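Me: Could you take a close look at one part of this structure for me, the salt bridges and the residues that make them? I'd love one connected walk-through rather than a list.

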Amino acid sequence: MSRFFRRGGDDSSSDSSSDEEELYSDNEQQDFQRDGSDQEEDSDFPEDSDDDDSSSDEEGGGGNRFLRDADSDSDDSDDEARRKARSYETKFNDELEGSIKQIENGEKNGDWSLISAEFDKLTRQIAKLPSSNNKAPKPYIRILAELEEFMNESLAKQKVTPKKMNAIQARALNAVKQKIKKTNKEYQSQIDLYREDKDAFMEPEPEVAETASAPKKTKSAKAVEITPEELGDEGFATVGKGGRTLQYTPESIFKHLRGIMESRGKKNTDKAEQITVMEKLLEIANTPYQKIRTLLALVSARFDLGSGTATAMPLEHWKSAEKELSALLQLLSVEKEYIVVEHAEEWDDDEKPPVLAAGDKYIKVPGSIVSYVERLDDELTRSLQSIDPHTPEYIERLQDESALYNIIFRGMLYYEYLRKDTALETPQDSVNRIVMRRLEHVYFKPAAVIKTFEENCWEAAGASVESVITPRSQSQDASNLVNVLCNYLFSHADGIIRARAMLCQVYFLALHNEYYKARDMMLMSHLQENIPNFDVLSQILYNRTLVQVGLCAFRKGLVYDAQNTLQEICGSGRQKELLAQGVMIQRYSQVSPEQERLEKQRQLPFHMHINLELLECVYLTCSMLLEIPLLAQTGSSPDVRKRVISKTYRRMLEYHERQIFTGPPENTRDHVMQASKALAAGEWKKAITFIHSIKIWDLMPDAEDIKTMLSKQIQEEGLRTYLFTYAPFYDTLATETLSQMFELDDAKATAVVSKMISHEELAASLDQVTSTVIFRKGVELSRLQSLALTLSDKASALIETNERTLEQRTQGTSNAFERQGGRGRGGHRGGGRGGRGGARLGGNTQRQAGGTQFTGGALGAAVRG
């Protein structure tokens, strides 16, 4: 009989029942497949299934499930939920027992890799349990306790056993040790109960399965209840996972901090929200330990905002980090029992803060003050790099350097305090790093600016504070401060930090016109030999120091030393790149985006730049004062070996001489070229006028003294140039005439001439009785003779080149000229007589077939001579 006739009614009811029947039959098939039941399906009589029997037994009726009224649908859904809950619990228990068996097998075999993998799997299974379950499954507690005991036994055996464990197994053992340590703290109370009475603990508890569904209803009903006290100022409350409002109390600070630190660095993490939460935690923190922990986490979170290399840290967050770091140092200076050190152990208990033990003097908090200081400094540098230096915004941002210098100073005082206690074993490297940061903010500044910085720092620190490294009495003078900082690093540091300290001191000495000290220290350091092995930033500092030493030599009037020092940097044409003051975009250069990004990161802030136009002006002026007399000397005496002091200057001068029309000078280079042309022609006053009209000299300190020094140098070099040029036309020349022509003192003119004679630059002698210069005419050549000598030298060079080329061309074809019997080019001819063109006393005179003999053609004739 068909199922459609088992229920009485009209056709419409039967049609609707058939639709419901098809729908329920499909659902039943899915349920059977999901649960893995072995019952048979009957398309005509679905009430024969075991599930329906079990559900019908509970309801007390045996009728067809399709004949139930609408009220029975809710009961049926409850039955399905219970069945699914029971199947999930069974599946969970099976997976739990399987993982526990695998761990036990690993214990028997000593396979820690297997134990580690299965323990991770077991932890993930436990994490899937509902949060309402406060107690973990008893088999899980048992395996935790047994695994901890087995781990302790293995570690004890490992200490006394001479045979080392496999590296992979040792790593797995250490991993399991950390996991057990972390997990057992959470279930320590249940583990203690298990260890007290194992049999009683493992007895099953008489609980009914229906209670498992109760928390689901209460959870959803409880999630929406928010008390008026939890609402914020705007009527909103912060809601966390599960729909519960987040309440920030002093007792929950460590719990919230741990959650934030665990989510740090993960994807889709709202960093701004974490900072807001930690700001709230800082407001409610009431103990020094809570404040220190919160401040450390908050500063780290702010630095995470600027972790990308493309953008700098936002300005408001940088200032907030500076204030919070200042508050942290202030708190540590007041609360002496709390110290922040790198090698401290993490405090894992979130419920209660650490307590000072009986034998300890300090409560150690893990952290690194010097790393925060360095990161704050780096973020300020990156911010200055991204701001246009010609705007007021750059000046405003640069004012924050004073606050940063104060942070560096207080950080150094804090590390001095830590170093006083030798039991703490504070690493010397941390002190060296923060002292180096302080030195890097000082070495390039004038003495007046350094004095202002130091006064502000000591005023903020208080009258009772004293520094061991930089005492208050020695910090007021800039030169003493730099000397003390550098000497400390010379004594306690090594490697790159020591070399950078040396370069900073040389730079400071050169900036303050102590050329001879700077030069001697630079030469004694021998850094010029090892600088290619240093990092790029140290090489940039070396280039800056070299340039500053050259400028100092120029201010002292030492033209040769200045030009020789600046030659390496200015002669390359890459001053911007070598001094990290700009990126050179060269033609045909293949620079990857990564290299370009690194190059931009190395650029110095604008306030640290050395004026490149001033540098070029100094270099070209020094080259002019050296090259013009040299050109005059080589032009009048062709036997003198031609040498070039500055190729860059020579190229500029040749280009200027090729110009058909020369207008008035417009830039620094034009002024120097016009002055060079006038000096070569003997018009030294005109050369002085051109040099003095360069406006860039006003940027140097004591500009008038610089111009006076340049005038004297031009007068002396003009005298030398005149003597080199016109010496062949004089027999005698009075020194008084020379002094009047160049407006020099008689003693100065006599000294210049004597120096030229002693260096054998001038073929003359000085008569001190009559004060005249007597020129020797023995070896003087005319213009025609000198040109003839030049032509002969070039002809000789051409002949040598041709012979060398011919030797290379004929080297591979030497066998082509050999004849049968061994005779060849330059070979033996006749009875042992060698040489080309020798007498033919014998030998093989046989000719080749056809009556012709290969002679090598024109090339062979040329070779045979």
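Reply: Arg 142 is buried, since its relative accessible area of 19% falls under the 20% cut-off. Please keep in mind as we go that this is a predicted model. Arg 142 belongs to helix 5, which covers residues 138-160. Its side chain meets that of Glu 104 in a salt bridge, with 3.3 Å from N to O. Glu 104 sits in helix 3 (residues 72-109), so this pair ties together parts that are 38 residues apart in sequence. On the acid side of the pair, Glu 104 is partly exposed, with a relative accessible area of 24%, whereas Arg 142 counts as buried.

The pair does not stand alone: Glu 146 joins Glu 104 and Arg 142 in a network of salt bridges. As a general point, side chains of opposite charge can pair when their charged atoms come close.

Staying with helix 5, have a look at Glu 148 next. Glu 148 forms a salt bridge with Arg 195, and the closest N and O atoms are 2.9 Å apart. Here too distant parts of the chain are linked, with Glu 148 in helix 5 and Arg 195 in helix 7 (residues 188-196), 47 residues apart. Arg 195 is partly exposed, at a relative accessible area of 33%.

For another pair, move along the chain to Glu 683, which forms a salt bridge with Lys 686. The closest N and O atoms of Glu 683 and Lys 686 are 3.9 Å apart, and because the cut-off is 4 Å, a pair at this distance still counts. Glu 683 is partly exposed at 39% relative accessibility, and Lys 686 is also partly exposed, with a relative accessible area of 44%. By the same rule, the count comes to 30 salt bridges, and the pairs described here are among them.

To set a buried residue of another kind beside Arg 142, try Asn 543. Asn 543 lies in helix 24, residues 536-555, and is buried, with a relative accessible area of 13%. Leaving aside residues up to four places away in sequence, Asn 543 touches Ile 569, Leu 578 and Leu 579.

If you would like to follow the charged pairs on screen, a handy route begins at the network of Glu 104, Arg 142 and Glu 146, goes on to Glu 148 and Arg 195, and ends at Glu 683 and Lys 686.

Key. Residues are numbered from 1 along each chain as its sequence is written. This is a predicted model: local features need pLDDT of at least 70, side-chain atom pairs count only at pLDDT 80 or more; totals for chains, interfaces and linings use all residues. Side-chain values use heavy atoms; hydrogens and water are left out. Helices (H or I, at least four residues) and strands (E, at least two) are DSSP runs, numbered from the N terminus. Buried means under 20% relative accessible area, exposed over 50%, partly exposed in between (1.4 Å probe, protein chains only). Contact means heavy atoms within 4.5 Å.
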